Amino acid sequence: MTRRLSLCLAFLVAPGLQARGDEPTKPTAPASEANPAVPAAGHSLHGEAFNDGPRQAAKLIEGMGKAPFPITTDKPDAQAFMDQGVAQLHTFYYLEAERSFRQVAKIDPACPMAYWGMAMANTNNTKRAEGFMKEARKRAEKATTSARERRYLDALSAFYKDGADAKARRQGLLLGLETIVQEHPDDLNAKVWLAMVTWQNSSKGDGIGSRQAVEGLLAEVLRVEPMHPGAHHYRIHLWDHSKPTMALKSAALYGKAAPGIAHAWHMPGHTYTELKRYADAAYQQEASARVDHAALAMHRVMPFEIHNYSHNNQWLCTSLSHIGKVREAITIARNLVEEPRDPKQNGPNDGGSCQREGRARWSELLVRYELWDDLIEATTSGALDWSNTPIEKKEKAFTLGLAYAAKGDKAKLAEQVAALKALADGEASKKSKKSKKSGDLAGVEKALAELEGHQMLLDGDKDGAFKQFAKATGMRGEALARAYLSVNNLELAESTAKKAVDRALNQVAPLAEYVEVLHIAGKDKEAQIAYRKLEPLAKEADRDLPIFQRLAPIVDAWKAAGDWTPVAVEPETDDAAQNRIDLTTLGPLTWSPYAAEPLSAPDTQGAPWTLADHKCKNVVLLFYLGGQCAHCMQQLELFGKEVEAFRKLGTEVVAVSTDDVEATKVLNENEDDIKFPMPLLSDPGLTLFKAYRSFDDFEDQPLHGTFLIDGAGKVRFQKISADPFLEVEFLKGEAERVNRLTR
């Protein structure tokens with residue numbers, strides 16, 4: 001038996017998709033797809049809006065917060081998931097909120113509020129939200145709903161009203177929520193959403209009116225329910241960048257109100273950062289990171305799939321830097337660099353947002369705390385994994401140049417100066433037709449000026465050096481102060497160091513440098529006063545850092561002379577201290593890949609292929625929806641052409657089908673003589689599809705799945721979706737990168 005695939009003539013694609021080269025093709029499909037009303041394999045039965053988002057079942061999870069939201073249903077489980085979804089909405093945990101609402105729809109398909117919830121969870125995706133609202137309104141026409149539920153549907157419908165301008169839609173939602181509050185004064189959720197929409201609209205230029213009036217609305221909710229997650233969340237946002245002291249009570253309680261959601265820990269960090277309370281900010285951001293990592297492991301998703309994941313972790317690095325916990329911060333930054341990459345953000349020369357944030361924080365820490373040997377090793381070994389984007393080429397040359405300057409290596413410093421000059425020339429050429437310099441070019445020129453200043457210092461040209469430093473307007477104050485010290489200009493060293501302290505209040509690095517400068521300037525009384533301010537800020541700082549190694553003998557000399565007694569540490573008594581918990585109970589500090597599920601299935605000859613037999617090799621694992629899925633055939637051909645290239649990278653390619661062994665076997669027996677050289681495994685019972693979550697639990701159908709598993713059996717990349725993953729070159733690059741990380 002043969003099967004004509006016609007793949008050599010044109011790729012067959014599901015309706016709405018296009019062939020390679022972006023050439024439109026006539027939709028061609030097997031019998032099950034011949035009717036345009038029937039979705040292509042892997043696509044939702046309910047329409048495009050349901051193709052994305054979570055497609056695996058929800059579970060009732062501890063720590064989501066409590067925000068009861070009664071709906072009309074006779075299914076207790078549906079009500080439980082509705083309550084969970086609403087609580088998740090209040091902490092912007094949108095992916096899991098949508099999952100909860102999809103579970104409501106699975107349990108009670110006629111419930112319109114399930115689809116209202118899905119729309120609420122897609123506040124940043126108008127197209128999908130509008131699709132969900134259409135489903136909600138359609139069901140509301142037939143279902144029995146309460147007056148309150150209809151008001152919620154009306155309010156959100158006003159926000160997605162066709163033809164209305166943005167301001168009118170925002171106002172429609174605001175007025176709709178006001179109506180609910182007026183008609184249902186016991187509805188706490190309506191009150192906190194009204195507060196949320198009020199401050200959100202202010203950022204769009206609508207005006208907020210009185211912040212205190214919004215505060216009164218939130219306080220009213222908290223008098224009734226002191227741990228309402230939305231009230232604490234929106235209060236923090238309300239006073240952020242305005243009067244953060246007003247949010248201190250909520251900052252101390254929000255994490256406890258929704259301990260299983262990272263954002264509930266992250267947001268209080270905004271309040272403490274605004275108040276320069278960096279130890280408290282670091283505590284919050286560490287909690288956020290640990291909760292994120294626990295959730296990643298529990299749900300088996302990639303870091304780049306989590307909203308604000310890289311933002312949370314890079315902020316933790318910065319907070320730790322401010323209190324001198326540098327080694328821990330570097331561990332987190334390096335972890336970001338090494339994590340799976342997002343193909344949507346990973347262009348030919350760019351490593352993606354987690355990687356960008358990780359490289360920025362890692363190099364920043366090494367420079368700020370003068371860990372020059374570590375910086376040189378991390379750069380030259382490739383561990384920092386700088387991309388080829390202009391901004392990162394600039395940072396690589398600049399930071400490496402600073403390291404060589406500090407070590408007095410003129411030749412290698414000159415190499416980095418030359419690299420920056422070449423980059424500046426390239427940027428200038430690109431912008432030659434524009435009247436203003438680009439930000440990238442300005443950044444390169446400032447970096448170049450600083451490195452040239454260090455070159456001149458090493459050559460003894462003091463005047464020339466400080467003229468160049470004056471052009472480097474982004475130069476760190478501590479670095480400039482040390483430059484003045486190197487030429488014995490103690491007055492300017494002191495004033496420059498003091499300015500750095502004033503600009504970065506309560507941060508360890510500039511204050512520690514100021515202590516050293518004062519001591520060298522012979523002002524030990526002032527140095528001791530500054531050190532007394534430093535002690536409580538640096539109580540968790542790493543003492544092996546160069547600046548603390550230089551300060552240690554100074555303090556020892558003060559003690560020997562009887563001029564020093566340690567500062568008495570007062571016990572912390574504010575809300576932040578009283579509400580602290582053991583953060584290790586929340587999850588791991590850094591991300592690690594989860595273990596792949598055991599895999600064994602018969603190949604086309606009926607022989608078992610087992611993942612465990614391929615230890616020490618990477619495996620690209622493709623889940624495809626049988627020989628009748630035209631788009632899957634495209635994927636198999638694309639990966640089949642690169643099987644040998646993957647093998648050279650120590651990587652095997654294997655594909656698992658929904659077809660039985662016989663149907664899988666005939667794929668290579670087609671009239672076009674197209675061969676699929678990778679092992680083709682059979683899983684008609686979908687056991688493996690379900691084990692790897694390449695399955696839509698809500699619609700009981702298999703999904704396309706692509707996984708990269710390392711030689712230790714850990715999943716380094718995954719993509720589960722309505723369509724097969726076709727970016728072969730991306731996965732080859734990831735296989736090569738995994739080899740560098742694991743071997």
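Buried means under 20% relative accessible area, exposed means over 50%, and partly exposed lies in between, with a 1.4 Å probe and protein chains only. The model is predicted, so local features need pLDDT of at least 70 and side-chain atom pairs count only at pLDDT 80 or more, while totals for chains, interfaces and linings use all residues. Residues are numbered from 1 along each chain as its sequence is written, and side-chain values use heavy atoms, with hydrogens and water left out.

**Exercise 1. Determine how strand β3 is covered on its two faces.**

Step 1. Strands (E, at least two residues) and helices (H or I, at least four) are DSSP runs numbered from the N terminus. Strand β3 comprises residues 618-624.

Step 2. In a regular strand the side chains alternate between the two faces of the sheet. One side of β3 carries Asn-618, Val-620, Leu-622 and Tyr-624, the other Val-619, Leu-621 and Phe-623, and all are buried.

Step 3. Because 7 of the 7 residues of β3 are buried, the strand is largely enclosed by the rest of the structure.

**Exercise 2. Identify the strands that pair with β3 and β8, and give the sense of each pairing.**

Step 1. Two strands pair if DSSP finds at least two bridges between them. β3 and β4 (residues 651-657) are parallel, with 7 bridges; Val-619 has Glu-652 as its bridge partner in β4.

Step 2. β3 is joined to β8 by 5 bridges in the antiparallel sense. Within this pairing, Val-620 is partnered by Leu-708, and Leu-621 stands opposite Phe-707.

Step 3. β8 also runs antiparallel to β9 (residues 715-721), through 6 bridges, with Ser-721 of β9 as the partner of His-704. These two strands form a hairpin with 5 residues between them, and Gly-713 in the turn has a positive phi of about 80°.

Step 4. In β8 (residues 704-709), 6 of 6 residues are buried. His-704, Thr-706 and Leu-708 occupy one side, and Gly-705, Phe-707 and Ile-709 the other.

**Exercise 3. Locate the residues with the most contacts to other members of the largest nonpolar core.**

Step 1. A nonpolar core is a set of buried Ala, Val, Leu, Ile, Met, Phe, Trp, Tyr and Cys residues joined through side-chain atoms within 4.5 Å. The largest has 82 residues, of which Trp-362, Leu-534, Phe-548 and Leu-551 touch the most other members. Helix α23 (residues 508-520) supplies the largest share, 8 residues.

Step 2. Contact means heavy atoms within 4.5 Å. Beyond four places in sequence, Leu-534 is in contact with Val-508, Leu-511, Ala-512, Val-515, Phe-548 and Leu-551.

Step 3. A second, separate core holds 71 residues, including Ile-71, Leu-89, Ala-155 and Leu-188.

**Exercise 4. Classify Leu-402 as buried or exposed, and list its contacts.**

Step 1. Leu-402 lies in helix α17 (residues 390-406).

Step 2. Its relative accessible area is 9%, so Leu-402 is buried.

Step 3. Not counting residues up to four places away in sequence, Leu-402 touches Val-367, Trp-372, Glu-450, Leu-451 and His-454.

Step 4. By contrast, the C-alpha atoms of Leu-402 and His-270, 132 residues apart along the chain, are separated by 31 Å.
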